[in-house]
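The exercises below concern chain contacts, strand pairing, burial and backbone geometry. Each task is followed by a solution in steps.

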Amino acid sequence: MAKYVVVIGLEIHAQLLTNTKIFCSCEVDFGGEQNTRCCPVCTGFPGTLPVLNQTVVRYAIRAGVALNCEFNRYSKIDRKNYFYPDLPKAYQISQFDLPLCIEGKVKIDTGEEEKFIRVNRIHIEEDAGKLVHDDIDNISLADYNRCGVPLIEIVSEPDMSSSEEAKAYIEKVTGLLQYAGVSLCKMEEGSLRADVNVSLKLPEATKLGTKVEIKNLNSLKSIVRSIEYEIERQTKMLNTGEEIIQETRRFNDNRGVTVSMRSKEDAHDYRYFKDPDIIPVQITDEDIDAIRKELPMLIDERFDLYVKEYGLGISEAKILVANKEISDLYNGAISSYANYKAVANFIVGDLLRYVNEGELDSKNIPFTALEFADLIKMSEEEVVNKNNAKAIFKIMLEGKKSPLQIAKEEGFLMNDSVDEVEEVVTSVVSEFTAEVEGYLAGKEKLFGFLMGQCSKKLAGRANPKTIKEILEQKLAALK
Amino acid sequence: MELCDKSIIELRQMLDDKQISSVELTKYYLDRINQIDPKIESYITVCEESALASAAKADSRIAKGEAATLTGIPISIKDNMCTEGIRTTCGSKILGDFVPPYNATAVNKLLAEDVVILGKVSMDEFAMGGSTQTSYYKKTKNPYDLTRVPGGSSGGSAASVAAKLAVAALGSDTGGSVRQPASFCGITGMKPTYGTVSRYGLVAFASSFDQIGPLAHSAKDCASLLDTISGHDPFDGTSANKKMNFTSKLGQNIKGLKLALPKEFFEEGIDSEVRIAVLKAVEEYKKMGAEIVEVSMPSLKYAIAAYYLIASAEASSNLARYDGIKFGYCSPSAKTYQERIQRSRSEGFGDEVKRRILLGTYALSSGYYDAYYKKALYVQQKIKAEYKNIFDTCDAIITPTAPTTAYKIGEIEGDSVKMYLADICTVTVNIAGLPAVSTTCGYNAIGMPIGMSVVGKAFDDATVLQIADAFEVNFKSINPRL
Amino acid sequence: MLDTDLITYLAKLSKIEVNAADKERLVTEMSAIVELMDTMNDVTFDENEDLKGEGVSLLDLREDKPRVCFDRDKILANATHKKDGFFAVPKIME
């Protein structure tokens, strides 16, 4: 059986987080009754004209910076002409041969070596509306709320060679776009869509194999599964000498297979030409520099900082940078309490558990980084013990009190005061005379019992080390 | 002199002096429309009720002493400009019932001055034509000779003004559609510099060329209209960020101005009557002290091809939205989605519109794009460069507006190629985005008007109007006999 | 020049239904028109000819400020077929 080289390319569409649509001032928002977020421009009424949104261009440039792209200083907006009921003008305004960003690269981590996936281009375009099917009246219903929502399309080179790499690429691009603050990138909500191109070739072949496009992928899992299925399907075909047809296939989530889409009746001649209603954009070096400065430190840079400067472990650092809000929290906390390891441990060990279980929304953290730092400081400096620190954290999720407040109210503050400990130890020793005698007679284990009784009475207010010291002292004195 | 012979300035005086009210003036025009328009067929929709309501509003504004230049003046609007609540057909079956939910910006600017809109006037379907005979609704006649075309595509605008069924009109010019009907109907028509009047609300034909322009009895009146309707519009991304003043040079001496005559515009292909009349007008300019310079525009021979390829390409895309789904004619026999859109378009569009859509689709389709559309863009650059060259040394260009006077209805409209070639004197102006005005410079042996065009530098519209006005003040125009 | 196949293709691309008689007529008419377009045949230009025009600067683009949307009734008012606030078309097969 010949072993084929897998070649994968990805086209990602991300909805931009602007206030208004790309070509009109209708508000971009999610939800809403059909056709209530429209105007004559985005519904293609006669006589209407598109007016380009400045923030859309800025956000696209931000994405370009985040993905290490070059930029076309003169960038043209074009029309892509075709008929479909979700496209009111019967053309989509997009970019053809002079997109805003070109020649980028994204570093992905597949566990082995570091690999770079090249980005061919990023361009801006308008989203189409939504079609719903009504089986009662046997009609299709068009909702134009989504028409004109701004998108960036990120096209990769066919540099990926496995479903793992494809997954890593999407996760990295998604992370970068979130860091850049330009898109929410939620596949389940529709703010991120991905189409995959898969082809196989023999290792020694110079030409790429026939490309098959897969659409209708609604989750990362579908993307991985569809790639796996498609590799299998194409491998089987090539092994039996069957020709692979260049086509678009849809992934059927239920059955886990890709299915040929009935070819659209239109020939795909989009007749691209420069949109005469929109003047091309002229970007300057100053524009790009200014936008570059707006961006926060991005994923790779933070990762390097955490590992090389802060000495965190690689997997720890990966977890911290995976989510910008978490990484920001970390950065904020260590700026006040520079115990890099301890803060990282708490996040990775405790905080993220709550996030994963849905009890903490990383976008709505109910305490400040400073408060978080205080908690960890208290724990490390043994102002409270480690278990109680976890308990304090849980209460902090309610967002009402500071860790110190909570510690006081719950009585978690460990006293340095030896007096209370002495008192309690004295009372325990006099109460549990049988166990004391037993210990003094040589039953070492009873020390633990006596420790337990002291701890109980002190209800976590004392440092266990202090209790042990004083108990030992008292018992020794009785020998 | 009758009321309908008065200029805008004269009417402004009369209205402000309370010699007449806007309601009376409007009623006067509505009566004329009732009496005369059945012969001319310029109006598709007459807005009697709303016109009188606007007139009343204008009168109270005038009474407060707050009148603007055009307050209370009755005008007609070409039916490709959106008027909120008023049917807007573009002369096409496919928009027969379309009532826009918004006004074109130019219309809003008129309404802000409380202009009276008498109604929507006829046009070639989607502005594609030079005769107004492709209108699905009213095949307008030339007031000078009812057996002849009024020109197009703004034939309704031109005829309504020439027959004095409106004081002035708004039209649109993509390849000559304001200037040529103005010349056929013996009035003045101006296409301003591209970008000076917002295209928002003007139903698009060829977006790089379309401009709204006024038709009236004089360059002065056209200038007044332009001052009102022009200006930067945030709803039009191609709208120029320049403050224009169209009336600023009216009445100034044209002595010493250099007027260029490109020889290619005066060769065979131009009727001798037309050539003689224009050259005679040029003599008048000489007497006024202007200097005449002969120049050349060698790319003129490619202009028709370049114009029609670019215009049709853009039109094929601009008209794709007419599918019977969101607005407009929907074919009743259609059962599937494909049938609905294909039949609505087939049944809703006229033949010339279909031909241009096919031509545009052809020019843009893969395999033909370079040879046709891209090449046309290159020719456009050449034409722009040739104009720039001429304007480096000259202030304006004089040409005939059309190769002929108004021809008989039915004579050439059926032949697309002949129709296209007749645009030879006007299209280069749209290709280059320059300002141009057509004014009447004579009449032929049978009394049909002959038009002369003055073309200027970009944004130098005031000079163009100044030059046209300088000729008009000494020219005796003849009214049509109705 | 142009033949029926090309007319059929162009009509399909532009979604205009044409019957056999239309096609016949259009072949003649469109051929004449395209012949007129071919007057540009002797025009040559450099592949790298700069057809770029002016560009607009980033700062001159529209500010990202929302405006009140139109009433749904106004958006749907001109549609022949609608249902429950949607535009309605015959069922799309996928």
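**Exercise 1. Backbone outliers**

In which loop of chain B does B:Ser153 lie?

Solution. B:Ser153 belongs to the loop between strand 3 (116-121) and helix 5 (155-162) of chain B. Here helices (H or I, at least four residues) and strands (E, at least two) are DSSP runs, numbered from the N terminus. The model is predicted: local features need pLDDT of at least 70, side-chain atom pairs count only at pLDDT 80 or more, and totals for chains, interfaces and linings use all residues. Residues are numbered from 1 along each chain as its sequence is written, while chains are lettered from A and ligands numbered from 1 in the order in which they are written.

Step 1. The peptide bond that joins B:Gly152 and B:Ser153 is cis, with omega about 10°.

Step 2. Most residues other than glycine have a negative phi, and most peptide bonds are trans.

Step 3. A:Arg271, which is not a glycine, has a positive phi of about 45°. Its place is the loop between strand 14 (257-260) and strand 15 (273-274) of chain A. A:Arg271 counts as buried because it has 25 C-beta neighbours inside 10 Å; the cut-offs are 20 or more other C-beta atoms within 10 Å for buried, 12 or fewer for exposed, and anything in between for partly exposed, with C-beta atoms placed from the backbone.

Step 4. B:Phe459 also has a positive phi, near 70°, and is found in the loop between strand 11 (449-456) and helix 15 (461-472) of chain B. With 18 other C-beta atoms within 10 Å, B:Phe459 is partly exposed.

**Exercise 2. Helix 9 of chain A**

Compare the expected span of helix 9 of chain A with the distance between its end C-alpha atoms, and state which of its residues are buried.

Solution. Step 1. The expected span is 1.5 Å times one less than the number of residues. For the twelve residues of helix 9 (residues 369-380) the result is 16 Å, and the end C-alpha atoms are 16 Å apart, so the two agree.

Step 2. The buried residues of helix 9 of chain A are A:Phe372, A:Ala373, A:Asp374, A:Leu375, A:Ile376, A:Met378 and A:Ser379.

Step 3. Their cover includes helix 7 (324-336), helix 8 (340-356), helix 10 (386-396) and helix 11 (403-410) of chain A.

Step 4. After helix 9 of chain A comes A:Glu382, with a positive phi near 60°.

**Exercise 3. Strand pairing in chain A**

In which sense does strand 12 of chain A pair with strand 11, and in which with strand 13?

Solution. Step 1. Two strands pair if DSSP finds at least two bridges between them. Four bridges link strand 11 (residues 192-201) and strand 12 (residues 212-217) of chain A in the antiparallel sense; A:Val198 stands opposite A:Val212.

Step 2. Strand 12 and strand 13 (residues 247-252) of chain A pair in the parallel sense, over four bridges. In this pair A:Glu213 faces A:Thr248.

Step 3. Between these two strands the chain passes through helix 3 (residues 220-239) of chain A, and the β-α-β crossover is left-handed. A crossover is right-handed if, with the strands pointing away from the viewer, the path from the first strand over the helix to the second runs clockwise.

**Exercise 4. Where chains A and C meet**

How many residues of chain A are in contact with chain C, and which element gives the most?

Solution. Step 1. Contact (C-beta atoms, placed from the backbone, within 7 Å) involves 42 residues of chain A and 29 residues of chain C.

Step 2. On the chain A side, two or more residues come from each of helix 1 (54-66), strand 8 (130-134), strand 9 (139-143) and strand 16 (281-282). Strand 9 of chain A gives the most, with five residues.

Step 3. Strand 16 of chain A runs parallel to strand 1 (residues 56-57) of chain C, joined to it by two bridges. A:Gln282 stands opposite C:Ser57.

**Exercise 5. Chain B as a whole**

How many helices and strands does chain B have?

Solution. Step 1. Chain B has 15 helices and eleven strands.

Step 2. Of its 482 residues, 64% count as buried.

Step 3. The C-alpha trace of chain B spans about 65 × 55 × 45 Å along its principal axes.

Conventions: Two residues are in contact if their C-beta atoms, placed from the backbone, lie within 7 Å.
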